[in-house]
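Visitor: I would like a close look at a single part of this model, namely the enclosed space inside it and what surrounds that space. Please take it slowly, and then go on to the rings and the cysteines.

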Amino acid sequence: MKRVESSNERIRKKSPMSQNKLIGGLELGGTKTVVAIGTEAGVVLEEERFATTTPAETLDRAVAWLEERGQPSAIGIGAFGPLGVVRGQDQYGCLLSTPKEGWSDISILATFAKAFPHARLNIETDVNAATLAEARLGAAKGLDDVAYITIGTGIGAGILAGGHLIHGALHPEFGHLKVPRHPDDRFNGVCQFHHDCLEGLASGPAIASRWGTAAVDLSADHPAWEMEAWYLAHGALSLLSIVAPARIIIGGGVSQAEGFHEKVENILREIAASYFHPLGEGPYIVPPALGQQAGIAGALLLA
């Protein structure tokens, strides 16, 4: 069986000379897909973006795009989840039970191994890929202990600890963390599994359902943002308590509201009560520097 190296093996084995290779990258999101060629240094040379539809249509389009540009020597993949990321398990490289219709049990890795039998392959979650890119190239450049939270249709987090992307028996499911309720919040939550987990209370759909308006249409002084920041600060406190990142990046569409990162950090510092050394003098909660390129740049870094 073809051996597929883990992300941490790939990170350790890179050399300056290998960074000149043209490689492939895939960012498979629940809404959009990005396929690219670039370098192992995370530089995108050419890319294409298109909607994520059915597995066959989406993966075939990505494969065909890469085939038109030759046979890549390595391909890094960052994909939405839940995703099998543990080497040796039967479902490694496969999507698990996902709410995205038609995608459960799809083996992304097998599709690319068949199309590119001589390419080195590596797969991680899309948010872990973005975390790696921001740590190597972006808002946390030079740091080996970083967390990246993304807030959109769902909420997820990637964690880099000691220079390694981490997961246990599964990747982190930060969005399904139970957080204390805001004292003024009586909203039931939108998570189909847990109702009032962090994702159920603070994701884009949660904001729209609670306030009757999409996050993008809320004014900067709307009370929604104070409540949103309150929930994210409590989620960030859990990360600070457990993995002690030197910096937390918050990205995704919901995070783009004016002053949002400052609101989260102010509340975090209040509830942290001067206890946690990594907070330092700040800034500690920061926006991503790579924007829409973080995921695909991270995929290239994984290759």
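Guide: A residue is called buried when its relative accessible area is under 20%, and exposed when that area is over 50%. The model you see is a predicted one, and the values that follow are computed from it.

Turning to the enclosed space, a search of the whole structure gives 1 cavity of 30 Å³ or more, and the space in the largest cavity comes to about 30 Å³. Its lining is made up of Ile207, Arg210, Trp211, Leu218, Ala224, Trp225, Met227 and Glu228. Two helices, H6 (204–211) and H7 (223–242), each contribute at least two residues to that lining, and H7 gives the most, with 4 residues. By character, the lining of the largest cavity divides into 6 nonpolar residues and 2 charged ones, with no polar residue.

Aromatic rings can be taken next, where the search of the whole structure finds 5 aromatic pairs. One of them joins phenylalanine 112 and phenylalanine 116, whose ring centres are 6.3 Å apart and whose planes meet at 25°, so this pair is stacked. Phenylalanine 112 counts as buried because its relative accessibility is 0%, and phenylalanine 116 is likewise buried, at 0%. Another pair, tryptophan 230 with tyrosine 231, is edge-to-face, with 5.4 Å from centre to centre and 85° between the planes. Tryptophan 230 has a relative accessible area of 17%, and therefore counts as buried, while tyrosine 231, at 0% relative accessibility, is buried as well. A ring also takes part in a contact with a charge: the charged end of arginine 69 sits over the ring of tryptophan 65, at 3.9 Å from the centre of that ring.

The cysteines remain. A disulfide is a covalent bond between the sulfur atoms of two cysteines. For a pair to be counted here, the two sulfur atoms must lie within 2.5 Å, and by this rule the count is 0 disulfides. Cysteine 197 shows how the rule applies: the closest cysteine sulfur to its own is that of cysteine 191, 3.7 Å away, which is too far for a bond. Cysteine 197 is nonetheless buried, with a relative accessibility of 0%, and cysteine 94 is buried too, because its relative accessible area is 12%.

Definitions and conventions. Residues numbered from 1 in each chain as written. Predicted model: local features only at pLDDT ≥ 70, side-chain atom pairs only at ≥ 80, totals over all residues. Heavy atoms only, no water. Buried < 20%, exposed > 50% of the residue type's maximum accessible area, 1.4 Å probe, protein only. 1 Å grid on protein atoms, 1.4 Å probe; cavity = no way out; pocket = protein on both sides within 12 Å on 5 of 7 lines; lining within 4 Å. Points joined across faces, edges and corners; volume = space filled by probe spheres on them. Nonpolar A, V, L, I, M, F, W, Y, C, P; charged D, E, K, R; others polar. Phe/Tyr/Trp six-rings, centres within 6.5 Å; stacked < 30°, edge-to-face > 60°. Lys NZ or Arg CZ within 6 Å of the ring centre and 35° of its normal.
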